[in-house]
Amino acid sequence: AFNPMSGLLYIPAMLNTAELSADDSLPPSRYALSPVRAYAVQPSGAGFQSLDCQDPVEKKSVWSLDRPSPAASGVLATAGSLVFQGSTEGTPKAIDADTGRPLWRVETGTSITATPISYEAGGTQYIAVIAGAGGAAVLEGGTRTAEHV
């Protein structure tokens, strides 16, 4: 997310490691147009995630926050100097856009992998997120996902 008022860029970053090996015991994909070799993917170490604030003009990092793994959601930057991001742990957070200091969080009880949105209704500004295990969160796992799938 980019905030044109501050000129800062907010990047959800993720690094996961895995070993890829041919596995002749697996059937080929039913979606393949021609016979293909099946591969097994085995996680080979702990991955990490972060939310990074970058100044693209100065080409430098402003702040960085470690985030729970697996994948957190995309981010929303607001004109009010807030950044919002969900997580597969089920805790969307409001973060001070200038310092990276967490300001607010709520427990939803389920994964949040969708990017938060902002909208106005009746003169009031709202932040909304889609909550619920699905998509890549089911494939990747996660504490809340494992509990609710």
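Is Tyr 119 buried, partly exposed or exposed, and what is its relative accessibility? Tyr 119 counts as partly exposed, because its relative accessibility is 38%. The points below concern a predicted model.

1. **The pair formed by Tyr 119.** Tyr 119 and Tyr 126 form a stacked aromatic pair, with 5.3 Å from centre to centre and 20 degrees between the planes. Tyr 126 is likewise classed as partly exposed, because its relative accessibility is 36%.

2. **The other aromatic pair.** Two aromatic pairs are found when the whole structure is searched. In the pair of Tyr 10 and Trp 63, the ring centres are 6.0 Å apart and the planes stand at 40 degrees, so this pair is tilted. Tyr 10 belongs to strand E2 and Trp 63 to strand E6; with these positions 53 residues apart, the pair links distant parts of the chain. Both Tyr 10 and Trp 63 are buried.

3. **The nonpolar core.** Tyr 10 and Trp 63 are also members of the largest nonpolar core, which has 11 residues. The remaining members are Leu 8, Leu 51, Cys 53, Leu 65, Val 75, Ala 77, Val 83, Ile 95 and Ala 97. At least two core residues come from each of strands E2 (8–15), E5 (48–55), E6 and E7. As a general background, nonpolar side chains in soluble globular proteins tend to be buried together.

4. **Contacts of Ile 95.** Beyond its neighbours within four places in sequence, Ile 95 is in contact with Leu 51, Trp 63, Leu 65 and Val 83, among others. These four residues are also listed in the core. The contacts of Ile 95 further include Ser 81, Leu 82, Gly 100, Arg 101, Pro 102 and Leu 103.

5. **The sheet.** Four strands make an open sheet in the order E1-E2-E5-E6, and their pairing is antiparallel. Strand E1 (2–3) and strand E6 are the edge strands, each pairing on one side only. Between E1 and E2 the antiparallel pairing extends over two bridges, and Phe 2 has Leu 9 in E2 as its bridge partner.

6. **The E5–E6 hairpin.** Strands E5 and E6 pair in the antiparallel sense over seven bridges. Asp 55 stands opposite Lys 60 of E6. Four residues lie between the two strands of this hairpin, and Lys 59 in the turn has a positive phi of about 55 degrees.

7. **Ser 73.** Which elements flank the loop that holds Ser 73? The loop runs between strand E6 (60–67) and strand E7 (75–77). Ser 73 is classed as buried because its relative accessible area is 1%, under the 20% cut-off for that class. A polar atom of the Ser 73 side chain lies 3.5 Å from the backbone oxygen of Ala 114. Not counting residues up to four places away in sequence, Ser 73 touches Pro 12, Gln 85, Gly 86, Ile 112, Thr 113, Ala 114, Thr 115 and Pro 116.

8. **The salt bridge.** How many salt bridges does a search of the whole structure find? The search finds one. The side chains of Arg 105 and Glu 107 meet in a salt bridge, at 3.4 Å from N to O. Arg 105 is partly exposed, because its relative accessible area is 48%, and Glu 107 also counts as partly exposed, at 43% relative accessibility.

How values were computed:
Residues are numbered from 1 along each chain as its sequence is written. This is a predicted model: local features need pLDDT of at least 70, side-chain atom pairs count only at pLDDT 80 or more; totals for chains, interfaces and linings use all residues. Side-chain values use heavy atoms; hydrogens and water are left out. Buried means under 20% relative accessible area, exposed over 50%, partly exposed in between (1.4 Å probe, protein chains only). A polar contact is a pair of N or O atoms within 3.5 Å; within protein, one must be able to donate a hydrogen and the other to accept it, and residues adjacent in sequence count only if both atoms are side-chain atoms. Contact means heavy atoms within 4.5 Å. A salt bridge is a side-chain nitrogen of Lys or Arg within 4 Å of a carboxyl oxygen of Asp or Glu. A nonpolar core is a set of buried Ala, Val, Leu, Ile, Met, Phe, Trp, Tyr and Cys residues joined through side-chain atoms within 4.5 Å. Rings of Phe, Tyr and Trp (its six-membered ring) pair if their centres lie within 6.5 Å; planes under 30 degrees apart count as stacked, over 60 as edge-to-face and the rest as tilted. Two strands pair if DSSP finds at least two bridges between them.
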